[in-house]
Amino acid sequence: MKALIFIVFSFISVASAFAQQTDIPKDTLQKDSVQADSILSSNLRTVRGRATYYASKFHGRRTSNGDIFSNNKMTAAHLKLPFGTLVTVTNLDNGRSVVVRVNDRGPHSKSFMIDVSQAAAKELGFYGKGVANVTISYKIPEN
């Protein structure tokens, strides 16, 4: 358990340091674009876009990978990232970050790049607002 916590903390630290070192001008963010800017450094990728969160009606239903969805867990839906990928989501308006695990496919709108659980949206500070401008950082699997 301690090793898992250490790995997650290390990932967050690296992602935060990388996000702070990459100066992405705010005017590169397109309002209706899922992927306005992408930066590739080694095997860590950071992408800007918009996030939303799951509606309450999905609580208790199966996700695409077979998990039972819970709005109380730190999970997310992404159209292309492999299931199990740990993603650091950072709200660009307030600087808050969370780590979520991809276990579902979505969002099914070109305006958004990631759907997070309600628990993640609350931690990120956009629960009730519906949408947030975010960056997502994740490690690209090495082949």
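1. In this predicted model, strands β4 and β5 form a hairpin in which five residues lie between the two strands. The turn of this hairpin contains Gly-95, whose phi is positive, at about 80 degrees.

2. The two arms of the hairpin, β4 (residues 86-91) and β5 (residues 97-104), run antiparallel and are joined by five bridges. As a point of reference for anyone tracing this pairing in the viewer, Val-89 has Val-98 of β5 as its bridge partner.

3. Strand β4 also pairs with β7, a strand that covers residues 131-139, and here too the sense is antiparallel, with five bridges between the two. Within this pairing, Thr-90 is matched with Thr-135 of β7 as its bridge partner.

4. How much of β4 is buried? Five of the six residues in β4 are buried, and the strand is accordingly described as mostly covered. When inspecting it, one may keep in mind that side chains in a regular strand alternate between the two faces of the sheet.

5. Turning to the whole chain, the protein has two helices and seven strands, and read from the N terminus the order of these elements is α-β-β-β-β-β-β-α-β. Among the contacts with a separation of 6 or more, 67% are between residues 24 or more positions apart.

6. On exposure overall, 43% of the 143 residues in the protein chain count as buried. The accessible surface of the chain comes to about 8300 Å², and carbon and sulfur atoms account for 53% of that area.

Technical notes: Residues are numbered from 1 along each chain as its sequence is written. This is a predicted model: local features need pLDDT of at least 70, side-chain atom pairs count only at pLDDT 80 or more; totals for chains, interfaces and linings use all residues. Side-chain values use heavy atoms; hydrogens and water are left out. Helices (H or I, at least four residues) and strands (E, at least two) are DSSP runs, numbered from the N terminus. Buried means under 20% relative accessible area, exposed over 50%, partly exposed in between (1.4 Å probe, protein chains only). Contact means heavy atoms within 4.5 Å. Accessible areas come from the Shrake-Rupley method with a 1.4 Å probe; for residues, only the protein chains shown count as cover. Two strands pair if DSSP finds at least two bridges between them.
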